[in-house]
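Here is a quick tour for anyone meeting this protein fresh. Have a look at the sequence and the fold below, and then we'll walk through them piece by piece.

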Amino acid sequence: MEVLASLLKAETSDAESLKGNLRTPSKRITTGGWARGTEQKIIEAVQSALLSALKIPEYDRDVVLDISDAAARIVPTGRSEHYTRIEVVMFSGRSLEAKRALYKGLVTNLSGLGVPATEIKIILLEVPAENWGLRGGYPASEIDLGFKVDV
């Protein structure tokens, strides 16, 4: 038990060791072939909206972009290859105000890259902190994350 306590203390006392170890929220962007050649712009557009709306630290980056050709996906009727779905898996506890700000930021940023606002679908999946294993397998509910979740 003493060893575990000293590991937790060492883990939370060194702020620099936190960088790169936080993986919340996790983002997955799925869109069509139009996005080839603009991958980094799309990723940064999504990351920027999360930084602004959810107040996550700049170093908290966990984004995956999936680009599929028309033959590899079905989009809602009347939508184009620009149809984009963003799934964000995050700790529970963000306010409706923060979520609204996130929705607006994502739509604004992606519209600037040519995605019609009506072709953006955003899904937030909220997971209790005790269901995230971080920094060597510790429940997130038991460690200092270094940022507020209840924004």
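A residue is called buried when its relative accessible area is under 20%, and exposed when that value is over 50%. Keep in mind, too, that this is a predicted model. With those cut-offs, Ala45 is buried, because its relative accessible area is 9%.

**The overall layout**

Let's step back for a moment. The protein has 4 helices and 6 strands, and along the sequence they come in the pattern α-α-β-α-β-β-α-β-β-β. Of its 151 residues, 36% are buried. Take the contacts between residues at least 6 apart in sequence: 77% of them join residues at least 24 apart.

**Helix H3 and Ala45**

Ala45 sits in helix H3. That helix has 16 residues, which should span 22 Å at 1.5 Å a residue, and its end C-alpha atoms are indeed 22 Å apart. Ala45 has plenty of buried company in H3, including Ile42, Ile43, Val46, Ala49 and Leu50. The buried residues of H3 pack against strands S1 (26-32), S2 (63-68) and S3, and against helix H4.

Which residues does Ala45 touch, leaving aside its neighbours within four places in sequence? They are Asn109, Leu110 and Leu113. Leu113 is 68 residues away from Ala45 along the chain, yet their C-alpha atoms are separated by 8.6 Å.

**Strands S3 and S4, with H4 in between**

Strand S3 (residues 84-91) and strand S4 (residues 120-127) run parallel and are joined by 8 bridges. One of the pairings puts Val88 opposite its bridge partner in S4, Leu124. To get from S3 to S4 the chain goes through helix H4 (residues 96-111), making a right-handed β-α-β crossover.

H4 also has 16 residues, and it reaches 22 Å from its first C-alpha to its last, close to the 22 Å expected. Its buried residues are Ala98, Lys99, Leu102, Gly105, Leu106 and Leu110. They lie on the same side of H4, because they cover an arc of only 125° around the axis. As background, an α-helix has 3.6 residues a turn, so residues three or four places apart point the same way. The face of H4 turned away from the buried side carries exposed residues: Glu97, Arg100, Lys104 and Thr108. Among the elements covering the buried residues of H4 are helix H3 (39-54), S3 and S4.

**The nonpolar core**

The largest nonpolar core holds 32 residues, and those touching the most other members are Ile86, Leu102, Leu110 and Leu145. H3, S3, H4 and S4 each supply at least two residues of this core. The largest share, 8 residues, comes from H3.

**Two residues with a positive phi**

Most residues other than glycine have a negative phi. Here are two that go the other way.

| Residue | Phi | Place |
|---|---|---|
| Lys55 | about 60° | loop between H3 and S2 |
| Arg135 | near 45° | loop between S5 (133-134) and S6 (138-139) |

Lys55 comes just after H3. Is each of these loop residues buried or exposed? Lys55 counts as exposed because its relative accessibility is 52%, whereas Arg135, at 7%, counts as buried.

Technical notes
Residues are numbered from 1 along each chain as its sequence is written. This is a predicted model: local features need pLDDT of at least 70, side-chain atom pairs count only at pLDDT 80 or more; totals for chains, interfaces and linings use all residues. Side-chain values use heavy atoms; hydrogens and water are left out. Two strands pair if DSSP finds at least two bridges between them. A crossover is right-handed if, with the strands pointing away from the viewer, the path from the first strand over the helix to the second runs clockwise. The expected span of a helix is 1.5 Å times one less than its number of residues. Buried means under 20% relative accessible area, exposed over 50%, partly exposed in between (1.4 Å probe, protein chains only). The arc is that of the directions from the helix axis to the C-beta atoms. Contact means heavy atoms within 4.5 Å. A nonpolar core is a set of buried Ala, Val, Leu, Ile, Met, Phe, Trp, Tyr and Cys residues joined through side-chain atoms within 4.5 Å.
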